[in-house]
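Got your viewer open? Let's take a short walk through this model, one selection at a time.

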Amino acid sequence: MKKIWFVPAILILMIAMYELYQLNQWTPSNEPSGSQSQPEILTTVFSLRPSLSFKNGENIEDNIHTRSVREKLGIDLQYLWTTPDSTFSTKLKLHLLNKQEMPDIIPVRTDVIHQMIDSGQFMPVDDLFEQYASPVWKKAMNENPSVWYPYERNGEHYAIPILDYDYNSDPMMWIRVDWLERVGLSPPATLSELEEVLEAFTHQDPDGNGKDDTFGLAVSLGNTISTWMADISWVFGMYGCLPEQWNFCEAQDELEFGSIQDSTKQGLIKLREWREAGYFPNEALWQDEESAARLFSQEKAGIVIGPHWMRFWPLNVLTEKNPQAKFIAIPLPKGPDGKSYHRASQPRNGAVLINKNNRNPQTFFRYMNYLYETQGLGEGEFAYGMANNYDYTMVNGKYSMDRNLIPGGYVDVTAYTLTYDGARIPSHWTRMVSDTEKPVLAQLFSSRLPNEYQGPPTPTMQEKGDQLQQTQHETFLQIIYGKKNIDYFDDFVANWKANGGEQITREVNEWYQSVHGISQ
C-alpha cells in the first residue's frame, strides 16, 4: 500500500514543479527585475516617421510613454541616435560598415534587416522568446506563424516579428465625393466608370477655381510600383496579376514573379494611356508615398489609394484646411473582365533584433510583455488609449475618444513605443478600423492577393536581386513615360530570366515546397 501511494505522490509533485517552472518562464511585466532606485537601461535607436507628433514639450527621448515605462517597470529607454525615416536604413548600413557600437535592441521595418542579421552581430531569439515571452504575446504570435519566415537562418530565427493588425495596410480607394457631385458622377465601380471620373477630375475643374490645375489620381512611382500609400499596383490587378511579388500559378503549380507576366504588360499600357491623358502628374516619376498623397490633402488630386487609416493621416489635413471638403473610401474598381486584385498586407510590420552582446535581454521582454498585457489587450485603463489627454480624454467623468475634445489635440502614444505601433494582435483589427471603412474593407477581402514568398533573401536574390529590381523599375518607368515602346517589356522579361531571374524562381519554389511540405 505504501508503494502504491508513493508513486502518485511523486507524480503530483513533479507536475506541480513543472507548472511552477512554466509559470516563472517570463518575469511578470509589473515587477522590475532590478532595483526601483536603479532602473535597468535598455538602449535602442529610432526611426522618426513623418506622422510622429508630440505635445507638452515632449520628444522621443522624454515623453508620457518613456516616463510611464520608467515609473511602472523600472526601465530607462535610452536612444543612441534617432534619424528621419527616410535615412534610417542608410544610417544602419553605415554603422555596419564602420563596425560602430550597436544598441541592445533595434526595431527595423525595411529590408536592411537582412544585412543586419547576416552581419553576425545579433543573437538567435527562439529560446529567448520561448522562455521569456508572456502567454498573451505568444498567443498573438501564433495566430500566423508565417510572420517568422523572413528571419530564419539555418533553422533558427534572428529577429522577433513586430506584429500588425490583419488587413491593416490593405488598399482602398479614397475619393472626393464633393468633386463627384460637382462633375455629376457617381463613385466608380468599373474601369470604364473610373476613367470617366479621372477625365472629369483632370479636365472639368472639379474644385471650381477656374484653373486647369487638378489631377484625377495621386500616384507614387519614386520608390516602387507596389507600395503602401498612393499605390498603383491595383491597376495591374485589374488584368489578373500583381507585379513585384510572387503569386501562385495554378496552371504551373508553382510560384511565379508577377512583374514578368503578360497581365503586367497590359497594366503598363493602361498606365501609359493615363499618363498621356494627364490623369496623374509627371512628377509621380520621383514622388515618394507621402509627397504623392499630399496632392490629395492639398486638393490637387481627387483620388488616392491607401489603407483605412489614411482618414486620420494624412487625409485629415484636407478637412482641417477645408471643412467643406468631403471624401469617402470605396472598393477598388473591377477591370475589363471583372477582375480586381490588390496587394495583401502581412500581419507583421518589421522585426526587432537583439544585440548578441546584450547581457540582459529579459529587459526587452518585460517591456513587451507589459505592452501586450495592457495596451495590446485593450482592457481596463487601456480600453480607450494609452494616456489620458493624449489619445483619449475624460468628459463629465466618462471616457471619450473624440479627438476634437482632447485638450491640446490628439497624439498617437503608441508611436512612441519601441515597436512604433505598440502591441498589436492581428485578429483585433476591428479595433482600429472606423465603422465607415469596415464594410469597404470587408468587400475587398475576396480580392486580396498575398505575396506567397515570405522567406529570407535567397542566395541569388542577395547577389543579383537589387540590380534586377532597379532594372525592372527603370523599364516600367520608361514604358509608362513613353521613353520605350511597349514591346521593350518582352526584352526586359528575357533579360530578367537570363540575369538571375530563372535561378531565383527555382530557389523561391524550393523554399515554398519545403515550407508547405510539397514533395519535389
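Rings of Phe, Tyr and Trp count as a pair if their centres lie within 6.5 Å. Keep that in mind as you select Phe129, Tyr132, Trp137, Trp148, Phe364, Phe365 and Tyr372: together they form one aromatic cluster. By the pairing rule, the count comes to 32 aromatic pairs. Remember as you look that this is a predicted model.

Next, pick Tyr149 and Trp511. They make an edge-to-face pair, with 5.5 Å from centre to centre and 80 degrees between the planes. Now colour the chain by position: Tyr149 is in the loop between helix H6 (135-141) and strand S4 (152-153), while Trp511 belongs to helix H16 (residues 488-515), so the pair links parts of the chain 362 residues apart. Is each ring buried or exposed? Tyr149 counts as partly exposed, at 25% relative accessibility, whereas Trp511 is buried, at 15%.

Stay on helix H16 and select Phe489 and Phe492, which sit three residues apart, or about one helical turn. Their ring centres are 5.9 Å apart and the planes meet at 50 degrees, so this pair is tilted. Phe489 is buried at 1% relative accessibility, and Phe492 is buried at 4%.

Finally, zoom out and show the cartoon. The protein chain has 16 helices and 17 strands. Its radius of gyration is 25 Å, close to the 24 Å that the globule rule gives for 520 residues, so the chain is as compact as a globular protein of that length. Switch on the surface too: about 24500 Å² is accessible, and 49% of that belongs to carbon and sulfur atoms. Of the 520 residues, 52% count as buried.

Conventions:
Residues are numbered from 1 along each chain as its sequence is written. This is a predicted model: local features need pLDDT of at least 70, side-chain atom pairs count only at pLDDT 80 or more; totals for chains, interfaces and linings use all residues. Side-chain values use heavy atoms; hydrogens and water are left out. Helices (H or I, at least four residues) and strands (E, at least two) are DSSP runs, numbered from the N terminus. The radius of gyration is taken over C-alpha atoms; the globule rule is 2.2 Å times the number of residues to the power 0.38. Buried means under 20% relative accessible area, exposed over 50%, partly exposed in between (1.4 Å probe, protein chains only). Accessible areas come from the Shrake-Rupley method with a 1.4 Å probe; for residues, only the protein chains shown count as cover. Rings of Phe, Tyr and Trp (its six-membered ring) pair if their centres lie within 6.5 Å; planes under 30 degrees apart count as stacked, over 60 as edge-to-face and the rest as tilted.
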